[in-house]
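Here are some worked exercises to try with the model open beside you. Have a go at each task before reading its solution.

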Amino acid sequence: MAKTRELCKDIRDKIVDLHKAGMGYRTIGKQLGEKATTVGAIIRKWKKVKMMVKHPRSGAPCKISPRGASMIMKKVRDQPRTTRQDLVNDLKRAGTTDSKKTISNTLRRHGLKSCSARKVPLLKPAHVQARLKFANDHLDDPEEEWEKVMWSDETKINSTRRVWRKKKDECNPKNTIPTVKHGGGNIILRGCFSAKRTGRLHRIEGRMDGAMYREFLANNLLPLVRALKMGCGWVFQDYNDLKHTARAIKEWLRKKHLKVLEWPSQSPGLNPIENLWRELKVRIAQRQPRNLKDLEKVCMEEWAKIPAAVCAILVKNYRKRMISLIANKGFCTKY
């Protein structure tokens with residue numbers, strides 16, 4: 001960059017020297033390989049201010065003092081949840097009056113922007129250590145091992161829809177959703193997938209107990225395993241919920257000779273099925289179901305449409321999830 005600036009300065013000096021020698025704009029331009037308009041602009045500037053160096057524009061002065069900017073940056077670094085009004089009040093107590101807009105501009109100049117805080121599980125030190133142990137134990141597992149895992153989880157799907165409206169138009173028929181007997185609310189779904197494809201979704205009516213969970217395993221999980229011909233070396237993954245670890249469920253799993261992946265508590269981010277739930281919810285939002293019956297139908301259809309390639313990529317890149325967990329010291333998995 002410095003070399004280019006020096007070269008430009010040399011060219012400007014030559015243009016002025018040739019102009020002093022009596023040469024015209026076009027002649028100078030042809031000799032130096034520059035446009036005649038460029039030569040003319042440089043010479044006119046030299047005649048007017050007797051110099052050719054570009055000075056930075058002065059612009060409007062900064063509304064906040066360096067001391068004020070340092071104060072709000074220190075406060076935000078120490079307390080990221082601080083609001084703009086809190087910062088305004090802090091500056092006012094320090095004898096400076098600045099608006100929220102000025103504070104926003106200052107924070108953006110320093111590379112900070114307002115974002116929604118990520119929701120993560122409430123972790124105790126024991127949870128963090130268990131997550132780190134899981135990641136370190138499985139960090140070097142080959143990709144083929146993860147292809148043998150059958151991932152499982154449940155999620156809640158809402159049927160709400162957003163509209164653009166004014167405050168007084170909240171009851172306008174255009175801005176409402178008619179509900180019937182099965183309208184409104186949400187549904188809870190349980191599903192599973194492997195590196196090859198997704199399984200069939202199971203809707204949970206009411207609160208899932210051990211019997212309902214066993215029904216899911218028998219009618220959804222095992223048929224998928226047989227259909228995919230996963231053989232006897234496959235592994236089942238699920239959370240450490242009470243109904244999953246009940247004595248009757250453990251006995252049923254033992255009789256079926258099912259191997260269960262040892263899973264750390266409070267670790268939904270480690271499960272790649274979370275990415276599939278996100279994909280499903282985006283697809284549902286695009287179709288905008290009008291009631292629960294329609295919502296359930298759309299969920300089943302869109303879940304079945306998720307490409308097998310997506311499932312394969314999630315399992316293939318599972319090691320990156322382990323690396324992310326270790327990099328974040330067991331607290332957050334961004335993937």
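**Exercise 1: Salt bridges along helices**

The side chains of R254 and E251 come together in a salt bridge, with N and O 2.4 Å apart. A salt bridge here is a side-chain nitrogen of Lys or Arg within 4 Å of a carboxyl oxygen of Asp or Glu. Before going on, note that this is a predicted model, in which local features need pLDDT of at least 70 and side-chain atom pairs count only at pLDDT 80 or more, while totals for chains, interfaces and linings use all residues. Residues are numbered from 1 along each chain as its sequence is written, and side-chain values use heavy atoms, with hydrogens and water left out.

*Task.* Place R254 and E251 in their helix, then state how exposed R254 is and how exposed E251 is.

*Solution.*
- Step 1: Both R254 and E251 belong to helix α10 (residues 247–255), where they sit three residues apart, about one turn of the helix. Helices (H or I, at least four residues) and strands (E, at least two) are DSSP runs, numbered from the N terminus.
- Step 2: R254 is exposed, at a relative accessible area of 52%, and E251 is partly exposed at 31%. The classes are buried for under 20% relative accessible area, exposed for over 50%, and partly exposed in between, using a 1.4 Å probe and protein chains only.

*Task.* Repeat the analysis for K133 and D137, starting from the distance between their closest N and O atoms.

*Solution.*
- Step 1: K133 and D137 form a salt bridge whose closest N and O atoms are 2.8 Å apart.
- Step 2: Helix α7 (residues 125–138) holds both K133 and D137, four residues apart, about one turn of the helix.
- Step 3: K133 is exposed, with a relative accessible area of 52%, while D137 is partly exposed at 46%.

*Task.* Which residues share a network of salt bridges with K305?

*Solution.*
- Step 1: Start from the pair K305 and E302, a salt bridge with its closest N and O atoms 3.7 Å apart.
- Step 2: K305 and E302 are three residues apart in helix α12 (residues 292–305), so about one helical turn separates them.
- Step 3: E302 has 7% relative accessibility and therefore counts as buried.
- Step 4: Now follow the links: the network joins E279, R283, R287, E301, E302 and K305.
- Step 5: For the full tally, the rule gives 16 salt bridges.

**Exercise 2: Reading the sheet**

*Task.* In what order do the strands of the five-stranded open sheet lie, and which are the edge strands?

*Solution.*
- Step 1: The order is β3-β2-β1-β4-β5, with mixed pairing. Two strands pair if DSSP finds at least two bridges between them.
- Step 2: β3 and β5 (259–260) are the edge strands, each pairing on one side only.
- Step 3: Strand β1 (residues 149–158) runs antiparallel to β2, and eight bridges join them; S152 stands opposite C192 in β2.
- Step 4: β2 also runs antiparallel to strand β3 (residues 202–204), through three bridges, and R190 faces H202 in β3.
- Step 5: The pairing of β1 with strand β4 (residues 235–236) is parallel, over two bridges; V149 has V235 in β4 as its bridge partner.

*Task.* Is strand β2 mostly covered or uncovered?

*Solution.* Strand β2 (residues 186–193) is mostly covered, since six of its eight residues are buried.

**Exercise 3: Positive phi in the loops**

*Task.* Where does K229 lie, and where is Q288 found?

*Solution.*
- Step 1: K229 has a positive phi of about 55 degrees although it is not a glycine. Its place is the loop between α9 (210–228) and β4.
- Step 2: K229 is exposed, with a relative accessible area of 73%.
- Step 3: Q288, also a residue other than glycine, has a positive phi near 50 degrees. Q288 is in the loop between α11 (273–287) and α12.
- Step 4: With 40% relative accessibility, Q288 counts as partly exposed.
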